[in-house]
Amino acid sequence: MTILVTGGAGFIGANFIYYELKAHPEDRIVCIDKLTYAGNLETLQEALKHPSFRFEKIDICDRKAVFALFEEERPDVVVNFAAESHVDRSIEDPGIFLTTNILGTQVLMDASRAYPVKRYHQVSTDEVYGDLPLDRPDLFFTEETPIKTSSPYSSSKAGADLLVNAYHRTFGLPTTISRCSNNYGPYQFPEKLIPLMISNARADKPLPVYGEGLNVRDWLYVEDHCRAIDLILRKGKVGEVYNIGGHNEMKNIDIVRIICAALHKPESLITHVTDRKGHDMRYAIDPTKIHEELGWLPETKFKDGIQKTIVWYLEHKDWWERIVSGEYRNYFEKMYGERLQSARN
Ligand code: NAD
Ligand code: TYD
């Protein structure tokens, strides 16, 4: 079958493409990506050598280009990873988040109706459930938890999810949605917590921890997420939502300390900076449904995954240095210049 992967030049999409090429070499993969600041074609270098892989630089909001590609490729399955994905950027400039994450999803689903697909899969996030209090470790996000978002990013993802459910109910589009917790692993853009801390620590730069660093995230190795999506595509029930997470809750400050220790860097690099506006306290997934219905369980333990990830970043310095030196550097100055300045004063 032909799988159309959107946003495949980004972190999770690229890992998914490599996962599929290996696990299902009989399938053809077509990737479209706008190649925003977060999309890097270099990441897909190995995939581009593969005879059953095709890449096209297309914006998912470009209706004409998307329809032309569907006309030509007639995909059996669509997996939509394409999104603006960084909470801090969404606080600075929400507009592009609404455009790409909601309207782009609409374009893809319209094309999936015009050229009927067997499955339209929306890659969503646990952030649509809002956050949980730190003093209630007994609470988890289930698929029934009400949507209650905090940031423009999570609101745009929630908007897309509602639209996906509407296209399923109103037009009978065969949809599924997955809502995963925080991912880490190779090819993550160094604006997100783990790769940012690795790259800064490596260069003896300050490690900017928002507030006290007590916020909790539920970390999952990216390959486990890819395997879960693959299972949902092949065995998941149409119309359903599946939460994905591995019960691996960690405080931000503990993650940063682990990275310092692994790189033999002093914790004095840790710099507490002004907190993120509206900062969600805790995310925690209850993965019972995907475990019981599809037999999914995470395979990579955090202590192994973080080690593999650190080694990957150390061995792929060229990959992230090129990113950090470009447009990202201006962004870094804008986001942290003032925060670091006020922390020093
Ligand atoms: P990313 O920012 O690394 O990659 C996003 C990709 O989408 C980039 O390649 C970018 O060029 C592309 N893109 C952006 N706008 C586009 C457009 N208009 N048209 C075509 N391509 C466009 O993000 P990621 O971390 O890989 O996340 C992928 C998906 O997974 C997102 O939908 C995100 O909401 C979701 N998700 C991420 C996490 C996480 O921890 N990173 C967790 C749960 C869910
Ligand atoms: P991030 O990787 O941006 O993912 P998300 O906000 O989608 O969970 O951030 C993970 C956590 O790390 C979040 O609580 C914010 C915090 N954080 C910092 O403390 N410092 C930073 O420089 C960044 C990027 C994040």
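This report covers the surroundings of ligand 2 and the packing of one helix pair in a predicted model.

**Shell around ligand 2**

The shell around ligand 2 holds 19 residues, and those that come nearest are Glu 127, Pro 208, Arg 217, Arg 276 and His 279. By class, nine residues of this shell are nonpolar, five are polar and five are charged. Two secondary-structure elements, helix H7 (193-202) and strand E8 (207-210), each contribute at least two residues to the shell.

**Polar contacts of ligand 2**

Side-chain atoms of Glu 127, Asn 182 and Asn 252 pair with oxygen atoms of ligand 2. The distances are listed below.

| Residue | Side-chain atom | Ligand 2 atom | Distance |
|---|---|---|---|
| Glu 127 | polar atom | oxygen | 2.6 Å |
| Asn 182 | N or O | oxygen | 2.9 Å |
| Asn 252 | N or O | oxygen | 2.8 Å |

Glu 127 thus appears both in this table and among the residues that come nearest to ligand 2. Ligand 2 exposes 520 Å² when taken alone, and the protein buries 97% of that area.

**Helices H5 and H6**

A pair of packed helices is described by the angle between their axes and the distance between the axes. For helix H5 (residues 95-114) and helix H6 (residues 152-171), the axes come within 8 Å and cross at roughly 20°. Because angles under 35 degrees count as roughly parallel, H5 is roughly parallel to H6. The crossing in which H5 passes H6 is right-handed.

Methods. Residues numbered from 1 in each chain as written. Chains lettered and ligands numbered in written order. Predicted model: local features only at pLDDT ≥ 70, side-chain atom pairs only at ≥ 80, totals over all residues. Heavy atoms only, no water. Near = heavy atom within 4 Å. Polar contact = N/O pair within 3.5 Å; in protein donor to acceptor, adjacent residues only side chain to side chain. Areas by Shrake-Rupley, 256 points an atom, 1.4 Å probe, with all protein chains shown as cover. Helix = DSSP H or I, 4+ residues; strand = E, 2+ residues; numbered from the N terminus. Nonpolar A, V, L, I, M, F, W, Y, C, P; charged D, E, K, R; others polar. Axes fitted to C-alpha atoms, helices over the stretch in contact; angles between N-to-C directions. Parallel < 35°, antiparallel > 145°, perpendicular 65-115°, else oblique. Left-handed = near helix turned anticlockwise from the far one by under 90°.
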